[in-house]
Amino acid sequence: MAGFSMLVAIAFGYAAPAEATEAPDITICDDIPDYSNGKNRTDERTEPITLPADWVAVATSSRNWIAVWTEYSRTYCVETTGMREATNLERFGERFLGFNWGSREGSGYVLIDRARQGDMIDTGSKPHFSPDGSKVASLHRADTGKDGFDGFAIWQTKDNLLVPLIVNAGPPLLPRYDWKIDRWEGEHCLHILSVSSEWNGGNKAAIPYLPRYRFVASASNDWEIIEGIKCPIVSSDDDSVTLPSAGAAPSMFDWAKGIVAFAAALQNSPLIFTIRDAAGCYGRWMLHAKAIDEGGST
(Lines give C-alpha, C1' and ligand atoms only; values in the text may rest on other atoms or scores of the structure.)
Protein backbone atom coordinates (compact mmCIF):
# COMPACT_ATOMS: atom_id res chain seq x y z
CA MET A 1 0.00 0.00 0.00
CA ALA A 2 2.90 2.32 -0.78
CA GLY A 3 0.65 4.74 -2.62
CA PHE A 4 -1.39 5.55 0.44
CA SER A 5 1.67 6.30 2.59
CA MET A 6 2.93 8.67 -0.09
CA LEU A 7 -0.52 10.20 -0.32
CA VAL A 8 -0.51 10.99 3.40
CA ALA A 9 3.08 12.18 3.32
CA ILE A 10 3.03 14.75 0.55
CA ALA A 11 -0.33 15.11 -1.15
CA PHE A 12 -3.24 15.24 1.27
CA GLY A 13 -6.19 17.56 0.81
CA TYR A 14 -7.93 19.95 3.18
CA ALA A 15 -11.31 21.63 2.77
CA ALA A 16 -11.51 25.08 4.32
CA PRO A 17 -14.68 26.63 5.79
CA ALA A 18 -16.98 28.50 3.43
CA GLU A 19 -15.78 31.94 2.38
CA ALA A 20 -17.39 35.00 0.87
CA THR A 21 -15.04 35.08 -2.11
CA GLU A 22 -15.65 33.30 -5.41
CA ALA A 23 -12.10 32.09 -5.93
CA PRO A 24 -9.67 29.83 -4.05
CA ASP A 25 -7.78 31.48 -1.21
CA ILE A 26 -4.19 30.24 -1.07
CA THR A 27 -3.60 31.90 2.32
CA ILE A 28 -5.96 29.37 3.89
CA CYS A 29 -3.69 26.57 2.68
CA ASP A 30 -0.50 28.34 3.71
CA ASP A 31 -1.88 28.73 7.25
CA ILE A 32 -2.28 24.97 7.70
CA PRO A 33 0.30 23.81 10.31
CA ASP A 34 3.23 21.74 9.05
CA TYR A 35 3.12 18.64 11.26
CA SER A 36 5.99 16.99 9.41
CA ASN A 37 8.58 19.42 10.80
CA GLY A 38 9.91 19.93 7.30
CA LYS A 39 10.58 16.23 6.65
CA ASN A 40 8.58 16.29 3.43
CA ARG A 41 10.06 19.47 2.07
CA THR A 42 12.27 19.47 -0.99
CA ASP A 43 14.45 22.51 -1.54
CA GLU A 44 15.01 21.54 -5.16
CA ARG A 45 11.85 23.44 -6.01
CA THR A 46 11.60 26.89 -4.46
CA GLU A 47 8.84 28.35 -6.64
CA PRO A 48 5.13 27.54 -6.78
CA ILE A 49 4.00 24.97 -9.31
CA THR A 50 3.07 26.82 -12.49
CA LEU A 51 -0.59 26.30 -13.34
CA PRO A 52 -1.85 26.24 -16.96
CA ALA A 53 -4.24 28.88 -18.25
CA ASP A 54 -7.31 26.66 -18.01
CA TRP A 55 -6.66 26.18 -14.28
CA VAL A 56 -6.48 29.86 -13.37
CA ALA A 57 -10.22 30.31 -12.87
CA VAL A 58 -10.46 27.47 -10.34
CA ALA A 59 -7.00 27.09 -8.79
CA THR A 60 -3.95 28.96 -7.53
CA SER A 61 -0.64 27.82 -6.04
CA SER A 62 2.09 28.66 -3.55
CA ARG A 63 5.40 26.97 -2.77
CA ASN A 64 3.74 24.18 -0.77
CA TRP A 65 0.12 24.11 -1.89
CA ILE A 66 -2.40 24.16 -4.71
CA ALA A 67 -5.70 25.75 -3.68
CA VAL A 68 -8.75 24.58 -5.64
CA TRP A 69 -12.23 26.16 -5.75
CA THR A 70 -14.95 23.55 -5.20
CA GLU A 71 -18.60 23.06 -6.04
CA TYR A 72 -19.59 24.10 -2.51
CA SER A 73 -17.67 27.41 -2.83
CA ARG A 74 -14.82 26.33 -0.60
CA THR A 75 -11.06 26.22 -0.91
CA TYR A 76 -9.66 22.68 -1.09
CA CYS A 77 -5.93 22.40 -0.38
CA VAL A 78 -3.57 19.91 -2.03
CA GLU A 79 -0.09 19.77 -0.53
CA THR A 80 2.84 19.77 -2.97
CA THR A 81 5.66 20.13 -0.43
CA GLY A 82 7.63 17.02 -1.35
CA MET A 83 7.16 17.24 -5.10
CA ARG A 84 10.22 18.17 -7.15
CA GLU A 85 8.07 18.73 -10.22
CA ALA A 86 4.52 18.64 -11.49
CA THR A 87 3.92 17.96 -15.19
CA ASN A 88 1.07 17.37 -17.62
CA LEU A 89 -1.38 19.50 -15.67
CA GLU A 90 -4.79 19.05 -17.29
CA ARG A 91 -8.51 19.33 -16.75
CA PHE A 92 -11.13 16.65 -17.30
CA GLY A 93 -14.28 18.65 -17.86
CA GLU A 94 -15.38 21.04 -15.13
CA ARG A 95 -15.05 18.57 -12.29
CA PHE A 96 -11.58 16.99 -12.34
CA LEU A 97 -8.00 18.28 -12.41
CA GLY A 98 -4.92 16.09 -12.62
CA PHE A 99 -1.14 16.10 -12.90
CA ASN A 100 1.92 13.85 -12.73
CA TRP A 101 4.29 14.51 -9.84
CA GLY A 102 7.86 13.45 -9.21
CA SER A 103 10.08 13.50 -6.15
CA ARG A 104 13.67 12.46 -5.56
CA GLU A 105 12.68 8.82 -5.05
CA GLY A 106 9.11 8.47 -6.25
CA SER A 107 6.35 9.56 -8.58
CA GLY A 108 2.59 9.41 -8.98
CA TYR A 109 -0.49 11.12 -10.33
CA VAL A 110 -2.81 13.40 -8.35
CA LEU A 111 -6.47 13.44 -9.43
CA ILE A 112 -8.39 16.32 -7.82
CA ASP A 113 -12.19 16.24 -7.60
CA ARG A 114 -13.91 19.63 -7.37
CA ALA A 115 -17.32 18.12 -6.53
CA ARG A 116 -18.88 18.98 -3.18
CA GLN A 117 -16.20 20.12 -0.72
CA GLY A 118 -13.36 18.67 -2.78
CA ASP A 119 -11.46 15.40 -2.76
CA MET A 120 -8.34 13.84 -4.24
CA ILE A 121 -6.70 10.47 -4.84
CA ASP A 122 -3.29 9.39 -6.06
CA THR A 123 -3.81 7.07 -9.02
CA GLY A 124 -0.12 6.30 -9.65
CA SER A 125 -0.34 7.17 -13.35
CA LYS A 126 -2.81 9.06 -15.52
CA PRO A 127 -6.25 7.49 -15.06
CA HIS A 128 -8.72 6.56 -17.79
CA PHE A 129 -12.33 7.73 -17.63
CA SER A 130 -15.08 5.47 -18.99
CA PRO A 131 -17.09 6.80 -21.96
CA ASP A 132 -19.89 8.26 -19.84
CA GLY A 133 -17.51 9.42 -17.11
CA SER A 134 -19.14 7.28 -14.41
CA LYS A 135 -15.93 5.35 -13.72
CA VAL A 136 -12.23 6.13 -13.66
CA ALA A 137 -9.58 3.40 -13.78
CA SER A 138 -5.87 3.29 -13.07
CA LEU A 139 -3.22 0.60 -13.51
CA HIS A 140 0.24 1.43 -12.23
CA ARG A 141 3.29 -0.54 -11.19
CA ALA A 142 5.39 1.44 -8.72
CA ASP A 143 9.17 1.32 -8.91
CA THR A 144 9.85 2.43 -5.34
CA GLY A 145 8.16 2.36 -1.97
CA LYS A 146 7.60 6.10 -2.20
CA ASP A 147 5.54 6.10 -5.37
CA GLY A 148 1.87 6.88 -5.60
CA PHE A 149 -0.79 4.18 -5.87
CA ASP A 150 0.59 0.76 -6.83
CA GLY A 151 -1.89 -1.64 -8.42
CA PHE A 152 -5.20 -1.73 -10.29
CA ALA A 153 -8.23 0.30 -9.19
CA ILE A 154 -11.56 1.61 -10.44
CA TRP A 155 -13.48 4.42 -8.78
CA GLN A 156 -17.10 5.41 -9.39
CA THR A 157 -17.88 9.09 -9.92
CA LYS A 158 -21.68 9.00 -9.67
CA ASP A 159 -23.67 11.42 -7.49
CA ASN A 160 -20.65 13.73 -7.26
CA LEU A 161 -18.82 11.18 -5.14
CA LEU A 162 -15.49 9.48 -5.76
CA VAL A 163 -16.05 5.96 -4.40
CA PRO A 164 -13.75 2.91 -4.83
CA LEU A 165 -15.38 0.15 -6.87
CA ILE A 166 -12.32 -2.10 -6.73
CA VAL A 167 -8.83 -1.48 -5.35
CA ASN A 168 -6.20 -4.20 -5.80
CA ALA A 169 -2.85 -3.05 -4.46
CA GLY A 170 0.32 -4.42 -5.97
CA PRO A 171 1.19 -5.15 -9.62
CA PRO A 172 -0.87 -7.88 -11.33
CA LEU A 173 0.44 -11.07 -12.83
CA LEU A 174 4.13 -10.70 -12.13
CA PRO A 175 6.64 -10.84 -13.70
CA ARG A 176 5.22 -9.00 -16.73
CA TYR A 177 6.27 -5.39 -17.24
CA ASP A 178 4.94 -1.97 -18.23
CA TRP A 179 1.30 -2.60 -17.44
CA LYS A 180 -1.04 0.01 -18.87
CA ILE A 181 -4.67 0.54 -19.75
CA ASP A 182 -5.25 0.68 -23.49
CA ARG A 183 -8.92 1.76 -23.56
CA TRP A 184 -12.42 1.29 -22.22
CA GLU A 185 -14.94 -0.71 -24.27
CA GLY A 186 -18.30 0.53 -23.07
CA GLU A 187 -18.81 0.93 -19.33
CA HIS A 188 -18.11 -2.65 -18.31
CA CYS A 189 -14.77 -3.68 -19.80
CA LEU A 190 -11.16 -2.50 -20.01
CA HIS A 191 -8.49 -3.47 -22.55
CA ILE A 192 -5.05 -3.76 -20.95
CA LEU A 193 -1.52 -4.25 -22.32
CA SER A 194 1.76 -5.49 -20.87
CA VAL A 195 5.27 -6.38 -22.02
CA SER A 196 6.34 -10.02 -22.00
CA SER A 197 7.92 -11.46 -18.88
CA GLU A 198 10.96 -12.38 -21.02
CA TRP A 199 11.99 -8.72 -21.04
CA ASN A 200 14.45 -8.26 -18.19
CA GLY A 201 14.33 -4.49 -17.89
CA GLY A 202 17.76 -3.93 -19.36
CA ASN A 203 16.79 -1.40 -22.01
CA LYS A 204 13.83 0.78 -21.05
CA ALA A 205 14.11 2.76 -24.28
CA ALA A 206 13.03 -0.39 -26.16
CA ILE A 207 9.74 -0.77 -24.25
CA PRO A 208 7.52 1.07 -26.78
CA TYR A 209 8.72 -1.25 -29.54
CA LEU A 210 8.38 -4.58 -27.72
CA PRO A 211 5.53 -7.00 -28.47
CA ARG A 212 2.68 -6.76 -25.97
CA TYR A 213 0.27 -9.22 -24.48
CA ARG A 214 -3.38 -8.24 -24.41
CA PHE A 215 -5.73 -8.60 -21.46
CA VAL A 216 -9.27 -7.63 -20.49
CA ALA A 217 -10.89 -6.83 -17.15
CA SER A 218 -14.67 -6.80 -16.96
CA ALA A 219 -17.49 -6.42 -14.46
CA SER A 220 -18.66 -9.93 -15.38
CA ASN A 221 -15.49 -11.35 -13.85
CA ASP A 222 -15.23 -9.00 -10.85
CA TRP A 223 -12.70 -6.94 -12.82
CA GLU A 224 -10.06 -9.65 -12.67
CA ILE A 225 -7.33 -9.10 -15.28
CA ILE A 226 -7.28 -12.09 -17.62
CA GLU A 227 -5.45 -12.74 -20.87
CA GLY A 228 -7.55 -12.22 -23.98
CA ILE A 229 -8.86 -9.73 -26.52
CA LYS A 230 -12.65 -10.17 -26.26
CA CYS A 231 -14.93 -8.32 -23.86
CA PRO A 232 -18.14 -9.98 -22.62
CA ILE A 233 -21.35 -8.98 -24.37
CA VAL A 234 -23.39 -6.68 -22.15
CA SER A 235 -27.11 -6.04 -22.67
CA SER A 236 -27.91 -2.33 -22.82
CA ASP A 237 -31.35 -3.05 -21.31
CA ASP A 238 -30.49 -4.73 -18.05
CA ASP A 239 -26.70 -4.68 -17.86
CA SER A 240 -26.69 -8.47 -17.83
CA VAL A 241 -23.48 -10.07 -19.01
CA THR A 242 -22.94 -12.93 -21.44
CA LEU A 243 -19.50 -14.47 -21.62
CA PRO A 244 -18.13 -15.18 -25.10
CA SER A 245 -18.34 -18.79 -26.22
CA ALA A 246 -15.37 -21.06 -25.69
CA GLY A 247 -12.73 -20.60 -28.33
CA ALA A 248 -14.06 -17.23 -29.46
CA ALA A 249 -10.72 -15.56 -28.80
CA PRO A 250 -7.76 -16.71 -30.89
CA SER A 251 -4.79 -18.25 -29.16
CA MET A 252 -2.10 -15.88 -27.98
CA PHE A 253 1.29 -16.27 -29.61
CA ASP A 254 4.41 -16.47 -27.48
CA TRP A 255 6.03 -13.41 -29.01
CA ALA A 256 8.95 -13.51 -26.60
CA LYS A 257 9.79 -17.03 -27.77
CA GLY A 258 9.73 -15.72 -31.32
CA ILE A 259 12.34 -13.13 -30.45
CA VAL A 260 14.60 -15.80 -28.96
CA ALA A 261 14.03 -18.18 -31.87
CA PHE A 262 15.11 -15.60 -34.43
CA ALA A 263 18.08 -14.23 -32.47
CA ALA A 264 20.49 -15.83 -34.92
CA ALA A 265 18.72 -14.20 -37.86
CA LEU A 266 18.96 -10.85 -36.14
CA GLN A 267 22.70 -11.27 -35.79
CA ASN A 268 23.40 -12.68 -39.24
CA SER A 269 21.10 -10.36 -41.21
CA PRO A 270 20.60 -7.20 -39.15
CA LEU A 271 19.41 -5.18 -42.14
CA ILE A 272 16.68 -7.66 -42.97
CA PHE A 273 15.23 -8.77 -39.64
CA THR A 274 14.00 -6.64 -36.75
CA ILE A 275 12.68 -7.81 -33.40
CA ARG A 276 9.11 -7.09 -34.43
CA ASP A 277 9.57 -8.89 -37.77
CA ALA A 278 10.97 -11.91 -35.95
CA ALA A 279 8.08 -12.06 -33.48
CA GLY A 280 5.49 -11.74 -36.23
CA CYS A 281 7.29 -14.28 -38.37
CA TYR A 282 7.23 -16.76 -35.51
CA GLY A 283 3.49 -16.26 -35.13
CA ARG A 284 2.84 -17.01 -38.79
CA TRP A 285 4.99 -20.14 -38.61
CA MET A 286 3.00 -21.43 -35.65
CA LEU A 287 -0.29 -20.84 -37.47
CA HIS A 288 0.82 -23.37 -40.08
CA ALA A 289 2.90 -25.60 -37.83
CA LYS A 290 0.78 -28.71 -38.31
CA ALA A 291 0.76 -28.28 -42.10
CA ILE A 292 4.53 -28.22 -42.51
CA ASP A 293 6.29 -31.56 -43.03
CA GLU A 294 9.30 -30.50 -40.98
CA GLY A 295 7.01 -29.76 -38.03
CA GLY A 296 6.96 -26.02 -38.45
CA SER A 297 9.31 -25.40 -35.59
CA THR A 298 12.14 -22.93 -35.58
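Is C77 buried or exposed at 0% relative accessibility? In this predicted model, C77 counts as buried, because its relative accessibility of 0% falls under the 20% cut-off. That cysteine is a good place to begin, as it belongs to one of the disulfides described below.

A search of the whole structure finds two disulfides. One of them is formed by C29 and C77, whose sulfur atoms lie 2.1 Å apart. This pair links distant parts of the chain: C29 sits in helix α2 (residues 26-30), while C77 belongs to strand β4 (residues 75-79), and 48 residues separate the two. The torsion about the S-S bond is -85°, and the link of C29 and C77 is left-handed. Like its partner, C29 is buried, with a relative accessible area of 0%.

C189 and C231 form a disulfide as well, with 2.0 Å between their sulfur atoms. Here too, distant parts of the chain are linked: C189 lies in strand β14 (residues 189-195), and C231 is found in the loop between β16 (225-227) and β17 (233-234), 42 residues apart. The disulfide of C189 and C231 is left-handed because the torsion about its S-S bond is about -80°. As for accessibility, C189 is buried with a relative accessible area of 3%, and C231 counts as buried at 11% relative accessibility.

The order of the links along the protein is easy to follow. When the bonded cysteines are numbered in sequence order, the pairing reads 1-2, 3-4.

How values were computed:
Residues are numbered from 1 along each chain as its sequence is written. This is a predicted model: local features need pLDDT of at least 70, side-chain atom pairs count only at pLDDT 80 or more; totals for chains, interfaces and linings use all residues. Side-chain values use heavy atoms; hydrogens and water are left out. A disulfide is a pair of cysteine sulfur atoms within 2.5 Å. Helices (H or I, at least four residues) and strands (E, at least two) are DSSP runs, numbered from the N terminus. Buried means under 20% relative accessible area, exposed over 50%, partly exposed in between (1.4 Å probe, protein chains only).
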